[in-house]
Amino acid sequence: MDAATQYLETATKASIGRDADSLAALRPHIGHLPLDQIHQGTLEDFIAARRGEGIKSGTVRRDLAVVRMVLTKAARVWRDPDGKPWLPQAVPLLETPDWDDAAEPHPLKWEEQRALFQALPKHLAEMALFAVNTGQREQVVCSLRWDWEERIPELGTKVFVVPGRPVARYGWEGTKSKEDGVIVLNRTARAVVEARRGLDPEWVFTYRGHRIDRMNNSGWRKAWAAAGLPRDDRTRAGVHNLRHTFARRLRLAGVPLETRKALMDHADGDITVHYSPAELRELLDAVERIVEMDGAPTLLRVAR
């Protein structure tokens with residue numbers, strides 16, 4: 001637990017709240033153990049208990065990733081007063097569980113989206129409306145900063161350029177691909193951004209003066225249930241459904257595959273973030289098609 005406390009007090013990553021939840025779940029099982037006694041064998045009870053509670057294997061894999069991070073810091077970074085590492089041995093390999101419990105995504109229909117967004121608290125509704133119109137991951141939406149915004153004079157618009165590499169000074173972990181990404185905004189996403197402008201000098205999305213570190217919280221879960229959306233073991237109920245919704249709507253709008261991949265930041269060697277104005281115009285035209293689809297005009301009221 002000393003190592004867990006040290007990790008939480010020194011970490012600067014944006015998702016530290018999730019790591020704290022993982023460490024809290026781990027505490028009854030390994031919190032009393034010396035670091036050199038934490039390995040696959042001593043973690044089996046924890047893994048079995050989580051499975052017995054109905055926790056998804058993906059969540060348990062994330063829990064074990066936090067264990068590895070703490071042990072790695074203890075072995076390679078932290079030193080005691082004598083200059084010796086907290087963990088004077090190699091970090092053990094951990095087998096991650098992968099039981100057959102993968103849930104299917106649930107892309108939202110327009111009427112489901114309206115019901116969900118109306119049930120969400122205002123700050124989450126704004127974030128959700130931005131996400132479903134840009135396809136951005138929860139991590140990016142929560143970390144969106146005003147200094148990422150750039151003007152494109154040739155198109156008379158602005159985009160957000162998301163740093164690919166970590167930025168320690170404000171806890172940004174970098175993108176999944178570790179390459180810079182561009183967020184293009186349709187009229188709905190722009191309306192959300194403009195409604196937030198001037199409310200905080202650093203972060204686009206805040207609540208009561210603080211950056212929001214996650215969208216998939218109790219407010220989201222309550223709204224999901226209130227909207228009558230599926231909550232069984234076969235269906236994902238998380239924020240990532242917004243990204244699936246965006247992708248599905250692009251496909252239904254006839255947006256070409258390569259353009260969809262660029263908007264979803266699925267790099268495959270022939271897609272680059274160094275877009276020309278003409279390429280950006282193609283992306284902008286693609287995301288505008290979503291606004292023209294059935295139900296979109298009603299959603300603008302959520303951002304106001």
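Trp78 is buried in this predicted model. Its relative accessibility is 7%, and the cut-off for a buried residue is under 20%. Trp78 sits in the loop between α4 and α5. Its contacts, leaving out residues up to four places away in sequence, fall at several points along the chain. Among them are Ala3, Gln6, Tyr7 and Thr10. Val70 and Lys73 also touch Trp78. So do Lys84, Pro85 and Trp86. Ile16 lies 62 residues from Trp78 along the chain, and the two C-alpha atoms are separated by 19 Å.

Helix α4 holds a second buried residue, Val66. The relative accessible area of Val66 is 1%. Val66 is in contact with Tyr7, Asp19, Ser22 and Leu23, neighbours within four places in sequence being set aside. Tyr7 thus appears among the contacts of Val66 and among those of Trp78. Asp19 is 47 residues from Val66 in sequence. In space, the C-alpha atoms of Val66 and Asp19 are 6.3 Å apart.

Helix α4 also takes part in the second largest pocket. This pocket holds about 270 Å³ of space. Its lining comprises 16 residues. Nearest the pocket centre lie Met1, Ala3, Ala4, Leu35 and Ile38. Three elements give two or more residues each to the lining: α1 (2–10), α2 (16–30) and α4 (57–76). Of these, α2 gives the most, with 4 residues. By class, the lining has 13 nonpolar residues, 1 polar residue and 2 charged residues. Ala3, one of the residues nearest the centre of the pocket, is also a contact of Trp78.

Strand β1 spans residues 149–152 and includes Ile152. Ile152 counts as buried, at 12% relative accessibility. Beyond four places in sequence, Ile152 touches Thr157, Lys158, Val159 and Leu280. Leu280 is 128 residues away from Ile152 in sequence. The C-alpha atoms of Ile152 and Leu280 are 9.2 Å apart in space.

Asn186 occupies the loop between β3 (181–183) and α8 (187–196). Asn186 is buried, and its relative accessible area is 0%. A polar atom of the Asn186 side chain lies 2.9 Å from the backbone nitrogen of Ala189. With residues up to four places away in sequence not counted, Asn186 touches Asn133. The other contacts of Asn186 on that count are Val287, Glu288, Ile290 and Val291.

Another loop, between β4 (206–207) and β5 (210–211), contains Arg208. Arg208 is not a glycine, yet it has a positive phi of about 55°. Arg208 is exposed. Its relative accessible area is 70%, and the cut-off for an exposed residue is over 50%.

Helix α9 runs over residues 218–226. At its start, a side-chain oxygen of Asn217 reaches to within 3.1 Å of the backbone nitrogen of Gly219. Gly219 is itself buried, as are Trp220, Ala223 and Trp224. Seen down the axis of α9, these buried residues fall within an arc of 135°, so they line one face of the helix. The cover over the buried residues of α9 includes α5 (110–119), α6 (122–134) and α10 (240–252). On the other side of α9, Lys222 and Ala226 are exposed. Just after the helix, Gly228 takes a positive phi of about 75°.

How values were computed
Residues are numbered from 1 along each chain as its sequence is written. This is a predicted model: local features need pLDDT of at least 70, side-chain atom pairs count only at pLDDT 80 or more; totals for chains, interfaces and linings use all residues. Side-chain values use heavy atoms; hydrogens and water are left out. Buried means under 20% relative accessible area, exposed over 50%, partly exposed in between (1.4 Å probe, protein chains only). The arc is that of the directions from the helix axis to the C-beta atoms. Contact means heavy atoms within 4.5 Å. A polar contact is a pair of N or O atoms within 3.5 Å; within protein, one must be able to donate a hydrogen and the other to accept it, and residues adjacent in sequence count only if both atoms are side-chain atoms. On a 1 Å grid over the protein atoms alone, a cavity is a set of points where a 1.4 Å probe fits but cannot get out, and a pocket is an open set with protein on both sides within 12 Å along at least five of seven lines; lining residues have an atom within 4 Å of a point. Grid points are joined across faces, edges and corners, and a volume is the space filled by probe spheres set on the points. Ala, Val, Leu, Ile, Met, Phe, Trp, Tyr, Cys and Pro count as nonpolar, Asp, Glu, Lys and Arg as charged, and the others, Gly among them, as polar.
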